[in-house]
Amino acid sequence: SGTRPADIAAAQNEANGGPTARPGQVPPASGVTVEGLTVTPVTTALRSRYNLPENLSGLVITGIEQSSRAARIGFEPGMVITLADQRAVRTADDLLA
């Protein structure tokens, strides 16, 4: 019995403060929470995970507080916020401005 490479990578990621999901699991939501939405800028990994187009930029919703207004409205992980108050959004600070 040995340690699988994926387990080693997950343990290293966990030790470095990263998500702790094992292969086949969805990692915990990462990013900044704003109004019940956990958001993070679009990355290559998130494009792949949520099947997002290459030319899309903004903030990917990676988590939702179930008791929040955002959850009641119908926001879901994988949705991308591109505009807020008629302004382009690329960071959580843009969303808060």
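**Figure 1. Threonine 40 and the residues around it.** Leaving aside residues up to four places away in sequence, threonine 40 touches Ser30, Gly31, Leu46, Gly58, Leu59, Val60 and Thr62. The model shown here, and in every view that follows, is a predicted one. Threonine 40 belongs to strand β2, which covers residues 37-41. Is threonine 40 buried or exposed? Its relative accessibility is 16%, so threonine 40 counts as buried, because the cut-off for that label is under 20%. The rest of the strand makes a fitting backdrop: β2 is mostly covered, with four of its five residues buried. One of the contacts listed above is also a pairing contact, since valine 60 in β3 is the bridge partner of threonine 40.

**Figure 2. The four-stranded sheet.** In what order do the four strands of the open sheet lie? The order is β1-β2-β3-β4, and the pairing is antiparallel. β1 (32-34) and β4 stand at the edges with a single partner strand each, so one side of each has no neighbour in the sheet. If you walk across the sheet from β1, you meet three bridges between β1 and β2, then five bridges between β2 and β3, and finally two bridges between β3 (residues 59-64) and β4.

**Figure 3. The hairpin of β1 and β2.** Here β1 and β2 pair in the antiparallel sense, and two residues lie between the strands of this hairpin. Which residue of the hairpin takes a positive phi? That residue is glutamate 35, with phi near 55°. For a pair to look for across the two strands, try threonine 33, which stands opposite threonine 38 in β2.

**Figure 4. Where β3 meets β4.** Strand β3 spans residues 59-64, and two bridges join it to β4 in the antiparallel sense. Leucine 59 stands opposite isoleucine 81 in β4. Leucine 59 also turns up in two contact lists: it touches threonine 40, and it touches methionine 79. Valine 60 likewise touches threonine 40 and methionine 79.

**Figure 5. Methionine 79, just ahead of β4.** Methionine 79 sits in the loop between α3 (69-73) and β4 (80-81). With residues up to four places away in sequence left out, methionine 79 touches Leu59, Val60, Ile61 and Gly74. Its relative accessibility of 36% means that methionine 79 counts as partly exposed. For a sense of distance, look for leucine 52: it lies 27 residues from methionine 79 along the chain, and their C-alpha atoms are separated by 9.3 Å.

**Figure 6. A nonpolar patch and its surroundings.** Which residues form the nonpolar patch on the surface? They are Ile73, Phe75 and Met79, which together have about 260 Å² of accessible area. Isoleucine 73 comes from helix α3 and is exposed, with a relative accessible area of 53%. Methionine 79, by contrast, counts as partly exposed at 36%. Glycine 74 is found in the loop between α3 and β4 and counts as partly exposed, at 32% relative accessibility. The C-alpha atoms of glycine 74 and isoleucine 64 are separated by 9.9 Å, with their positions 10 residues apart along the chain.

**Figure 7. Two loop residues with positive phi.** Asparagine 51 is not a glycine, yet it has a positive phi of about 55°. You can find asparagine 51 in the loop between α2 (44-50) and β3, where it is exposed with a relative accessible area of 70%. The other residue in this view is glutamine 86, also not a glycine, with a positive phi near 65°. Glutamine 86 lies in the loop between β5 (83-84) and β6 (87-88), and it is exposed, with a relative accessible area of 78%.

**Figure 8. Stepping back to the chain.** To place the close-ups, it helps to know that the chain has four helices and six strands. Along the sequence they follow the pattern α-β-β-α-β-α-β-β-β-α. How many residues are in the chain, and what share of them is buried? The chain has 97 residues, of which 27% are buried. Among contacts with a separation of 6 or more, 33% link residues 24 or more positions apart. The chain exposes about 6,600 Å², and carbon and sulfur atoms supply 49% of that area.

Conventions. Residues numbered from 1 in each chain as written. Predicted model: local features only at pLDDT ≥ 70, side-chain atom pairs only at ≥ 80, totals over all residues. Heavy atoms only, no water. Buried < 20%, exposed > 50% of the residue type's maximum accessible area, 1.4 Å probe, protein only. Contact = heavy atoms within 4.5 Å. Pairing = 2+ DSSP bridges. Patch = residues over 30% accessible without salt bridge, like charges linked within 9 Å, V, L, I, M, F, W, Y side chains within 5 Å. Areas by Shrake-Rupley, 256 points an atom, 1.4 Å probe, with all protein chains shown as cover. Salt bridge = Lys/Arg side-chain N within 4 Å of Asp/Glu carboxyl O.
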